[in-house]
Amino acid sequence: MNNRDINVEELTKNFRVSFDKAGLTIYVIPKENAVPLTSGLSYPFNNEDVQLYGTKVILHLPCSGAVYGRYLIQNGDYVEGLYLVIIDTECDIGVSWHEEGLSTKIHVKPSESLIVIVRLMRLRPVKLSPIVMPLGL
């Protein structure tokens, strides 16, 4: 699948649970909605911690399945990486991003998939105004 073909709104329209904070967005969606993303290479896992490629986000996976990604998507001024986690059995998946102080646990059923979207970089520079300090302080 081409990165330009990914429509996040269409993928996540039937989500059950979502989490969005500090550049990390997570959705639990029906597995059949995620089928278009499973055509590429995958990383199989079995009861291990997986660091998402190109990020400092770590998935704590106490079950077996596969991680698909990284699909690059553009969201406004940002480039984000989209990762898909498919599991074989019911599982509580932990997601940690220690640099941002984030840690959460999400329950995923075998009929569901987990989509993790991580903000990777900003496309346009931000203009900062200089700080003016008054004299005599």
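Confidence in this predicted model averages a pLDDT of 87 over the chain, with 91% of the residues at 70 or more. Broken down by element, the lowest mean pLDDT, 86, belongs to helix α1 (residues 8-11), while strand β6 (residues 91-97) has the highest, at 95.

As for the overall layout, the chain comes out with one helix and eight strands. Reading from the N terminus, the order is α-β-β-β-β-β-β-β-β, so the helix leads and the strands follow. The C-alpha trace stretches over about 65 × 30 × 25 Å along its principal axes. Of the 137 residues in the chain, 39% are buried.

Moving on to the hairpin, β3 (42-51) and β4 (58-75) run antiparallel to each other and are paired over nine bridges. Val-50 faces Leu-59 of β4 across this pairing. Six residues sit between the two strands of the hairpin, and Gly-54, in the turn, takes a positive phi of about 80°.

That hairpin turns up again in the second largest pocket, where β3 and β4 each contribute at least two residues to the lining. The pocket itself holds about 170 Å³ of space. Its lining is made up of Leu-41, Ser-42, Tyr-43, Val-50, Gln-51, Leu-52, Tyr-53, Val-67, Tyr-68, Gly-69, Arg-70 and Tyr-83. Val-50 thus has two roles here: one of the lining residues, and the partner standing opposite Leu-59. By residue class, the lining splits into eight nonpolar, three polar and one charged. Arg-70 is the charged one, because Arg falls in the charged class and the lining has one such residue. Gly-69 goes with the polar residues, because Gly is counted there.

Then there are the aromatics. The structure has one aromatic pair, made by Phe-15 and Tyr-27. Their ring centres are 5.5 Å apart and the planes meet at 65°, so the pair is edge-to-face, the cut-off being over 60 degrees. Phe-15 belongs to the loop between α1 and β1 (17-21), whereas Tyr-27 is in strand β2 (residues 24-30), so the contact ties together parts of the chain twelve residues apart in sequence. The two partners also differ in how much surface they show. Phe-15 has a relative accessible area of 39%, so it is partly exposed. Tyr-27, at 17%, is buried, because the limit for that label is under 20%.

Definitions and conventions
Residues are numbered from 1 along each chain as its sequence is written. This is a predicted model: local features need pLDDT of at least 70, side-chain atom pairs count only at pLDDT 80 or more; totals for chains, interfaces and linings use all residues. Side-chain values use heavy atoms; hydrogens and water are left out. On a 1 Å grid over the protein atoms alone, a cavity is a set of points where a 1.4 Å probe fits but cannot get out, and a pocket is an open set with protein on both sides within 12 Å along at least five of seven lines; lining residues have an atom within 4 Å of a point. Grid points are joined across faces, edges and corners, and a volume is the space filled by probe spheres set on the points. Helices (H or I, at least four residues) and strands (E, at least two) are DSSP runs, numbered from the N terminus. Two strands pair if DSSP finds at least two bridges between them. pLDDT is the predictor's confidence in each residue, from 0 to 100. Rings of Phe, Tyr and Trp (its six-membered ring) pair if their centres lie within 6.5 Å; planes under 30 degrees apart count as stacked, over 60 as edge-to-face and the rest as tilted. Buried means under 20% relative accessible area, exposed over 50%, partly exposed in between (1.4 Å probe, protein chains only).
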